[in-house]
Amino acid sequence: MSNFLTVKGVTAGYGDGPAILDDAHMTVQKGKVHCIIGPNGAGKSTLMKAIAGMLPLRKGEIEFKGENIAGQRPDQMLRRGIAFVPQERALFPKMTVRENLKMGGYILNNDKALTSRIDEIFDRFPILKERADQHAGTMSGGQQQTLAMARTLILRPEVVMFDEPSLGLAPKIVREMFGIVRMIADTGVTVLLVEQNAVMGLKNADWGVVLDLGRTLFEGPSAEVLADPRIQELYLGGRRAA
Amino acid sequence: MDQIIQVAVLGIGLGGVFALMGSGLSLVFGVMRIVNLAHPSLIIGGAYIAYWGFKLYGIDPLIMLPVCAVILAVTGILFYKVFFERDAKSATYSEMTVLLTFAIAMIVEGALGAAFSNTQRVTSPVYATDAFFIGDVFIPKGQLYAGIVSIVIIGLLAAFLKYSRLGYAIRATTQNREAAALLGVNVNMVGLMSFAIGIGLAGAAGALTSFVFSFFPAKHWEWVAVLMSLVVMGGMGSILGTVIAAFSLSIVAAFVGTWIGSTWSTMTFFLALFLVLLFRPQGLFGEKPELV
Ligand SMILES: Nc1ncnc2c1ncn2[C@@H]1O[C@H](COP(=O)(O)OP(=O)(O)OP(=O)(O)O)[C@@H](O)[C@H]1O
Ligand SMILES: [Mg+2]
């Protein structure tokens with residue numbers, strides 16, 4: 001078992017509503033790409049929000065480097081090195097690419113450091129440099145997703161979470177996007193992502209987590225998860241209709 | 001030709017003041033999603049402060065302007081703490097604040113009426129009734145000064161929003177509240193600060209208004225609709241859009257007033273509002289409808 005980041009028996013919901021996550025668990029290894037899959041409404045986004053500190057846990061723990069960090073605010077999670085890009089609309093559409101990157105380093109509160117970090121991002125993502133002074137909302141979907149992912153790197157996080165980064169992108173762009181994910185992981189940053197297309201997600205990940213009805217069905221090396229018959233059942237079977 | 005320039009000049013002068021009035025409203029709407037119907041009544045409040053400063057102590061309204069702005073900003077903070085902060089988490093926040101700000105407008109009007117009576121007032125520094133000519137074009141100093149000061153204040157606001165750290169946070173919160181919070185912006189503090197700045201701008205506008213228009217406590221009803229039409233035309237929450245709408249409509253209104261009749265000049269704003277809602281509900285500069 002890893003002792004990097006562990007989600008243990010997490011139960012959570014919105015406001016006074018029903019529990020959306022019910023005893024969800026997940027093991028996260030440093031520097032690996034983890035893919036959370038599951039049907040619509042399974043609670044994938046909710047799990048990421050819970051880890052990001054956006055909704056309180058009713059039960060369970062989130063253990064990060066040996067410490068229970070459940071109950072902390074999003075900005076505290078960010079300071080600890082856990083960054084989150086929510087599903088859709090993560091950017092500030094009427095701010096320029098550069099301004100969006102500056103917002104990524106808002107908590108640094110240090111203009112000089114920020115400028116040099118933005119230059120580093122520009123070196124790694126030339127397309128963003130090209131578009132530096134363009135409004136984020138006027139870029140293509142793929143470029144916007146690149147910006148959203150690159151923006152998390154400004155704070156040099158240890159863990160980045162991307163909720164459905166492939167949403168609405170053409171297949172070719174999705175491949176590029178997964179290339180970026182791999183490039184991020186190769187620098188030692190741990191990646192968690194949600195992917196609607198289970199096969200594609202698992203093929204591009206090291207570890208798979210299968211969520212259904214707010215519960216973790218199982219997790220494991222992505223090749224094993226991909227080969228598991230339960231996946232077929234979950235996505236193709238008539239179990240839920242019964 | 002001279003007459004055209006003449007009317008345009010008057011329109012620009014008023015446009016500046018309306019732009020200043022509208023920018024505070026727009027700022028508050030952008031960040032807080034509060035349609036602040038009390039904004040014009042607070043402008044009148046600012047006008048009274050400038051009026052009494054001049055009447056009692058002979059202080060020029062342009063010097064009273066920062067005083068009005070600060071007093072109103074503090075009032076804004078109090079209102080925010082008392083009325084708006086509690087309900088910020090409610091799902092019907094925007095709808096509720098419409099009623100709430102309507103009530104505040106009436107309370108402010110009543111309080112001003114009780115304190116200062118319903119007599120028409122106007123602050124009368126020398127320049128308010130003074131004018132000069134460029135060629136044959138008649139330029140009233142009061143409107144000119146008010147217009148220039150408004151433009152300077154709007155310029156400062158724009159620079160503040162563009163370059164300062166709080167300005168970044170305000171813009172980010174306006175555009176995507178959740179994403180701003182995720183990046184460590186304290187969105188509640190940003191809400192409070194923009195409320196204070198927005199109402200402070202109402203105070204500044206009040207000081208200028210006090211010598212450009214004659215005013216009385218119920219005068220704000222005339223402005224509610226005018227300002228709403230500016231904010232809607234500007235794209236709900238876009239300050240630049242509001243400012244452009246203010247200048248263009250004020251100039252059109254000045255022409256309508258001169259050539260068709262002064263009673264029709266206010267109608268310009270409503271007609272424009274009507275047309276915009278019909279054909280471009282997202283406003284002239286907005287990108288998507290946010291009126292619902
Ligand atoms: N803000 C919210 N308030 C109340 N309920 C919510 C909220 N967001 C999501 N839910 C509910 O939580 C459940 C799980 O939603 P969630 O978005 O986590 O699923 P998901 O697995 O990410 O689905 P998708 O594949 O559609 O993105 C759904 O039933 C949804 O209706
Ligand atoms: Mg989701």
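Which side chains meet in a salt bridge at 2.9 Å, N to O? I looked up the pair and found A:Glu99 and B:Lys162. I note at once that this is a predicted model.

**Entry: confidence**

I checked the scores before going on. The model has an ipTM of 0.91 and a pTM of 0.91. For chain B, I read a mean pLDDT of 90. In that chain, 97% of the residues reach 70 or more. One stretch of chain B, residues 288-292, has a pLDDT below 50. Beyond near neighbours in sequence, this stretch has 7 contacts in the model. Where pLDDT is low, the predicted coordinates should not be read in detail. I leave those contacts alone.

**Entry: where chain B touches chain A**

I went back to the two chains. I find 18 residues of chain B in contact with 21 residues of chain A. Together the chains bury about 2000 Å² between them. Of that area, 59% is on carbon and sulfur atoms. How many salt bridges are there between chain B and chain A? I count 2 salt bridges. The pair A:Glu99 and B:Lys162 meets in a salt bridge between side chains. I also count 8 residue pairs in polar contact between the chains, with both residues at pLDDT 80 or more. Next I asked which elements of chain B give two or more residues to the side that touches chain A. They are α6 (165-175) and α7 (177-182) of chain B. Helix α6(B) gives the most, with 6 residues.

**Entry: the magnesium ion**

Which residues coordinate the magnesium ion (ligand 2)? I find A:Ser45, through OG, and A:Gln87, through OE1. The distances run from 1.9 to 2.2 Å. These two residues are 42 apart and link distant parts of the chain. A:Ser45 sits in helix α1 (residues 44-51) of chain A. A:Gln87 is in the loop between β6 (82-85) and α3 (97-104) of chain A. Then I checked accessibility. A:Ser45 has 18% relative accessibility, so it counts as buried, the limit being under 20%. A:Gln87 has a relative accessible area of 29%, so it is partly exposed.

**Entry: two residues inside chain B**

I looked up B:Thr101 in helix α4 (residues 93-116) of chain B. Is B:Thr101 buried or exposed? Its relative accessible area is 0%, so B:Thr101 is buried. I left aside neighbours within four places in sequence and listed its contacts. They are B:Ile34, B:Val35, B:Asn36, B:Leu37, B:Ala38 and B:Phe84. With B:Val35 there is a polar detail. A polar atom of the B:Thr101 side chain lies 3.0 Å from the backbone oxygen of B:Val35. I also took the C-alpha separation of B:Thr101 and B:Phe83, which is 9.2 Å. Those two are 18 residues apart along the chain.

Next I turned to B:Ser194, found in helix α8 (residues 187-212) of chain B. B:Ser194 is buried, with a relative accessible area of 0%. Not counting residues up to four places away in sequence, B:Ser194 touches B:Leu27, B:Val28, B:Val31 and B:Ile170.

**Entry: salt bridges within the chains**

Over all chains, I count 16 salt bridges. I looked up three that lie within a chain.

The side chains of A:Lys65 and A:Glu158 meet at 2.4 Å, N to O. This pair is 93 residues apart and links distant parts of the chain. A:Lys65 is in the loop between β4 (57-64) and β5 (67-68) of chain A. A:Glu158 is in the loop between α6 (141-153) and β7 (159-163) of chain A. At 46% relative accessibility, A:Lys65 counts as partly exposed.

A:Arg80 forms a salt bridge with A:Glu67, and their closest N and O atoms are 3.1 Å apart. I place A:Arg80 in helix α2 (residues 74-80) and A:Glu67 in strand β5, both of chain A. A:Arg80 is partly exposed at 28%. A:Glu67 is partly exposed too, at 39%.

In chain B, I found B:Lys141 and B:Asp130 in a salt bridge at 3.2 Å, N to O. B:Lys141 is in helix α5 (residues 141-163) of chain B. B:Asp130 is in the loop between α4 and β1 (131-134), 11 residues apart from B:Lys141. B:Lys141 has 22% relative accessibility and counts as partly exposed. B:Asp130, at 31%, is partly exposed.

Last, I asked which residues are joined into one network by salt bridges that share partners. I noted A:Lys30, A:Lys65 and A:Glu158.

Technical notes:
Residues are numbered from 1 along each chain as its sequence is written. Chains are lettered from A and ligands numbered from 1 in the order in which they are written. Side-chain values use heavy atoms; hydrogens and water are left out. pLDDT is the predictor's confidence in each residue, from 0 to 100. Contact means heavy atoms within 4.5 Å. Donors are N, O and S atoms within 2.8 Å of the metal (3.2 Å for Na, K and Ca); water is not among the atoms, so sites may look incomplete. Helices (H or I, at least four residues) and strands (E, at least two) are DSSP runs, numbered from the N terminus. Buried means under 20% relative accessible area, exposed over 50%, partly exposed in between (1.4 Å probe, protein chains only). Buried area is the accessible area (1.4 Å probe) that two parts lose on being put together, summed over both. A salt bridge is a side-chain nitrogen of Lys or Arg within 4 Å of a carboxyl oxygen of Asp or Glu. A polar contact is a pair of N or O atoms within 3.5 Å; within protein, one must be able to donate a hydrogen and the other to accept it, and residues adjacent in sequence count only if both atoms are side-chain atoms.
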